[in-house]
Amino acid sequence: MLNHTDFFSAIAKTALNKQKTALEEALDNRASARTFGEQAEWQKVLDSLPNQRIKQATFDQDIIKLEAEHPLTNEQKHQFSQNLMQLHPWRKGPFSLFDVLIDTEWRSDWKWQRLIKHLSPLEGKRVLDVGCGSGYHALRMYGEKASLVLGIEPMLKYIYQFQVVKQYCPDIPVFVLPLLCEDLPKPLDFFDTVFSMGVLYHRKSPIEHLEELKHALKPGGELVLETLIVEGDETTTLMPVGRYAQMRNVWFLPSHAQLCIWLTKTGFKNVRVVDINQTSLNEQRKTDWMTFQSLEDFLDPSDKNKTLEGYPAPKRVIILANK
């Protein structure tokens, strides 16, 4: 089962270590609320991974890649691919693991390309990635030479996807804990950069989420906020009636101007919009590694600029701000 000893060893000589007890209690609380049937199956996937030494691990390119010292045979590659498929759906990526290409639902590298050119350099930084999924972006942050990357993700299956990479690269300072943002002790005042991407619209209280992000940052630290928006002025916010693009748990979609006001009122400074992009059918789509419905199924067949419910199609903003 998941073991977080390596994370606590990594923070032992940092200021975050003073929150060790609180973090352990948060992990225990989440574990006590879980059922472990599926987790045992996911652990079997990790236990069945081929015993390979890594020739090269690449984290600074669009496809996160692990190359084996001794290439897998065709039979081994087939079995490896079948085992990885037990962790379906693979949503964030892409990955190439021992020449098995995991073509994930999201081309997460496209989002990374849109935001990385605007960020303060991550080299030597301590970074938090909220709602990190499979850890694709967290690994890209390490590829930019961050000194410590902590991802938090409540969905255990996605953490096991991350653990496939981590099992072969145990020494990289990238960790994923099964926590929600509200589980983090307050204030942390620790991270140089905090990412919240694709999370805000799932929160009943978006202001509370922004405050949680601010608590995690050290003074002067940088927030990277990516979320769904709608067109409008400073007073515009959409609260969907029922579902939005077939998602049940979408609460608030503000205009980017309204969102900037939320950030300012929460106490952030230097708030700036760096990118606005309507999600394309090439960026989010069904693949062999994510065979469920995807964006194309959530849009109006006669008007791809609208969701099935008649709302504006998903448009996303990236905003940077400082504590």
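This briefing covers the largest pocket, two cis peptide bonds and two residues with positive phi. The model is predicted. Its largest pocket holds about 1200 Å³ of space, and 40 residues line that pocket. Cis peptide bonds precede proline 89 and proline 94, while phenylalanine 98 and lysine 145 have positive phi values.

**Largest pocket**
- Gly198, Tyr201, His202, Met247 and Asn249 are the lining residues that lie nearest the centre of the largest pocket.
- By type, the lining of the largest pocket consists of 17 nonpolar, 13 polar and 10 charged residues.
- Helix H5 (108–116) and helix H10 (295–298) each contribute at least two residues to this lining.

**Cis peptide bonds**
- Histidine 88 is joined to proline 89 by a cis peptide bond, with omega at about 5°.
- Proline 89 sits in the loop between helix H4 (74–85) and strand S3 (92–93).
- Glycine 93 is joined to proline 94 by a cis peptide bond, with omega at about 20°.
- Proline 94 belongs to the loop between S3 and strand S4 (95–97).

**Positive phi**
- Phenylalanine 98 is not a glycine, yet its phi is positive, at about 55°.
- The loop between S4 and strand S5 (100–102) contains phenylalanine 98.
- With a relative accessible area of 4%, phenylalanine 98 is buried, because the cut-off for buried is under 20%.
- Lysine 145, also not a glycine, has a positive phi of about 75°.
- Lysine 145 is in the loop between helix H6 (136–143) and strand S8 (148–152).
- Lysine 145 has a relative accessibility of 53% and so counts as exposed, the cut-off being over 50%.

Methods
Residues are numbered from 1 along each chain as its sequence is written. This is a predicted model: local features need pLDDT of at least 70, side-chain atom pairs count only at pLDDT 80 or more; totals for chains, interfaces and linings use all residues. Side-chain values use heavy atoms; hydrogens and water are left out. On a 1 Å grid over the protein atoms alone, a cavity is a set of points where a 1.4 Å probe fits but cannot get out, and a pocket is an open set with protein on both sides within 12 Å along at least five of seven lines; lining residues have an atom within 4 Å of a point. Grid points are joined across faces, edges and corners, and a volume is the space filled by probe spheres set on the points. Helices (H or I, at least four residues) and strands (E, at least two) are DSSP runs, numbered from the N terminus. Ala, Val, Leu, Ile, Met, Phe, Trp, Tyr, Cys and Pro count as nonpolar, Asp, Glu, Lys and Arg as charged, and the others, Gly among them, as polar. Buried means under 20% relative accessible area, exposed over 50%, partly exposed in between (1.4 Å probe, protein chains only).
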